[in-house]
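Please open the structure in a viewer and keep the selection panel at hand. The stops below are given in the order in which they may be selected.

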Amino acid sequence: WFLSIIYIASKWTSVAVPSRLICRKTNFISLQTYDRYFGKSSGALNQKHANSELQFTALHHQLKDNISVDNDFDQFSISLKEIQKSNSPKKLLKFILNQKIIDNPTVATDISIPIEKYLLGLRALQRMNRTDLCPDIAEPIFLSVSNAKIVPEVFSNEKYILSLLSVIKFFCRNQNMTIVETISKKLELNLMEDDLDESKSLIINSTRGSMFQSSLLAEMCLGYSFTGAHYKSIQMLTIMEKRNLTIDLDMSKKIMKSFMDTAKTDLVRKAFSLLLSLGGLYDQDSLQMITNTFARNVNFITGAVSMATLPAATLSEVAFIGRSNVGKSSLINMLTNRKKLAYTSKTPGKTSEFNYFEIQSVVGVDKAKSSFYIVDLPGVGYAQASRDLRSSWTNLLTAFAHQRSTLRVLFHLVDSRHGLMEADYECLDLVATLPSHVTYAIVFTKVDKTSGGGGDSGEGSKHHLRAAGLVMNNGMVDRVYREIAKRTTRVVPLFFTSSESRQGGVDMWDFILTATTAKAYEKE
């Protein structure tokens, strides 16, 4: 009767009937679905194009057939909201469980729509503060996932993948890890095994298989950390590493923070290394998180001018050498997240002593404390210093590098703008006779100032890799390796850093912690 009145009125007045008004009033379909198929200004249902009731009715039935699936989902959403308003969680649960699952699905929508419905139901129960009822929806979810194997193309459906990941994320964040494990088994992902037979897993062979697997493993890692099952979290990260997967930056920071708050020290360190190897923790916020934990307290100890005036050899030491004005003090300030810890100056030769800084960390739920020394050494080859002073620095540096039993790492800093200079060869000569317990590493500084290496420091690892690539492309790295090969056969790690954009700081921290706290990661 409503359509008839509108239709007759439009005939009398010769005014087009607003199609969106008819759509809304008659509840044929949702407004959003109508716009999706016909556009806001198509006018497909107005008087101009519907000259008879027969044409109008035919168009209406055609529209209903095209969007029947969407209409069913829209009606489900509306009903769900109405039940939610009644504040009856059990009634809501019953309504969700009454949703029909197609036993023999033939198209992807037969599988994707139920998952989307269950996701809406889970979120509705969460808003009602009844997450305790959510596990009751697990069984129909399992059945829906099992049905997915009947229609493999559903695994290439982005909407289904994202909905399934959202369901998994929901249960992980609510610490229902048994449900997530069951879903992974039904998908034949074999997450609790190191090896994966990819031929048996439809989802891994799909176009979005790697993305799904990475997201699932990362979510499970975070979920296990919430429940205190940190060894299972480490296992998830280890599997990701073995399968050459990567991790999202934000997810890596969430996992790292969870470990720092709830795990023991050795597991925090293991998680840190794994997350870094998976491509996470590369931005400035990550470095801030690391320094807040591993450089909780930083204190200046002494400035030594001879072996006799060095502090007692009780803590591991990490030393920084390089020619004057290469950026040693700036790099130390970046690593410790202190602006004025080490003295910086544009005038070369200001550091004239072996400056010792004690770095104290408080790590993990057990609040384990540990310390090591960072040593800022005088610049090598400063021409303005007297010959006797330069000679005394060189002799002290040689004795320090070869006789200091607690020295663990000797970082040789090279300005990426200029490459190896005369003073750098004096430092390189040390590598030939260093004791085996000392690791020699090259650190390219000021990579953000390398020609073409500028840009927004917020680009994170992309900018870092671009700047590192510039250093490598101009042959500087090859020259360094050729000089090292003339002196030793040992492996020399390389780092690419910028004190201004804070690039490379997280990588150096991982290396330093490994060298200064060499412990085997054993199960409790």
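In which helix does K169 lie? Select helix α9, residues 158-173, where K169 is found; helices (H or I, at least four residues) and strands (E, at least two) are DSSP runs, numbered from the N terminus. Residue numbers run from 1 along each chain as its sequence is written, and side-chain values use heavy atoms, with hydrogens and water left out. The model is predicted: local features need pLDDT of at least 70 and side-chain atom pairs count only at pLDDT 80 or more, whereas totals for chains, interfaces and linings use all residues.

**Helix α9 and the charged patch**

K169 counts as partly exposed because its relative accessibility is 34%. The classes are buried (under 20% relative accessible area), exposed (over 50%) and partly exposed (in between), with a 1.4 Å probe and protein chains only. The areas come from the Shrake-Rupley method with a 1.4 Å probe, and for residues only the protein chains shown count as cover.

Next, add K81, R123, R127 and K254 to the selection; with K169 they form a positive surface patch. Patches are made of residues with over 30% relative accessible area and no salt bridge, like charges being joined within 9 Å and nonpolar side chains (Val, Leu, Ile, Met, Phe, Trp, Tyr) within 5 Å. Lys and Arg count as positive and Asp and Glu as negative, while His and the chain ends are not counted. The place of a charge is taken as NZ of Lys, CZ of Arg, CG of Asp or CD of Glu.

**Aromatic pairs**

Now display the aromatic rings: the structure holds 13 aromatic pairs. F170 and F171 make an edge-to-face pair, at 5.7 Å centre to centre with 85° between the planes. Rings of Phe, Tyr and Trp (its six-membered ring) pair if their centres lie within 6.5 Å; planes under 30 degrees apart count as stacked, over 60 as edge-to-face and the rest as tilted. F170 is buried, at a relative accessible area of 7%, and F171 counts as buried at 0% relative accessibility.

Another edge-to-face pair is that of F411 and F495, with 6.1 Å between centres and 75° between the planes. This pair links distant parts of the chain, as F411 is in strand β5 (residues 407-415) and F495 in strand β7 (residues 494-496), 84 residues apart. Both F411 and F495 are buried. Then select F272, F294, F372 and W509, which ring pairs link into a cluster.

**Salt bridges**

Side chains of opposite charge can pair when their charged atoms come close. A salt bridge is here a side-chain nitrogen of Lys or Arg within 4 Å of a carboxyl oxygen of Asp or Glu; by this rule the count comes to 16.

Return to helix α9 and select R173 together with E219: they form a salt bridge whose closest N and O atoms are 3.3 Å apart. Because R173 lies in helix α9 and E219 in helix α11 (residues 209-227), the bridge ties together parts that are 46 residues apart in sequence. R173 is partly exposed, with a relative accessible area of 28%, whereas E219 is buried, with 9%.

The salt bridge of K446 with D415 has its closest N and O atoms 3.9 Å apart. Here too the pair links distant parts of the chain: K446 is in the loop between β6 (439-445) and α19 (461-473), D415 is in strand β5, and 31 residues separate them. K446 and D415 are both buried.

At K486 and E483, the side chains meet in a salt bridge of 3.2 Å, N to O. K486 is exposed, with a relative accessible area of 62%, while E483 counts as buried at 14% relative accessibility. Select also D250, K253, D283 and D285, which are joined into one network by salt bridges that share partners.

**Two loop residues with positive phi**

Where is K367 placed? K367 is in the loop between β3 (354-363) and β4 (368-376), and is exposed, with a relative accessible area of 54%. Although K367 is not a glycine, its phi is positive, about 55°. Add T265: its C-alpha atom is separated by 7.7 Å from that of K367, and the two residues are 102 residues apart along the chain.

Finish at N244, in the loop between α12 (230-242) and α13 (249-262). N244 is not a glycine either, yet has a positive phi of about 55°. With 69% relative accessibility, N244 counts as exposed.
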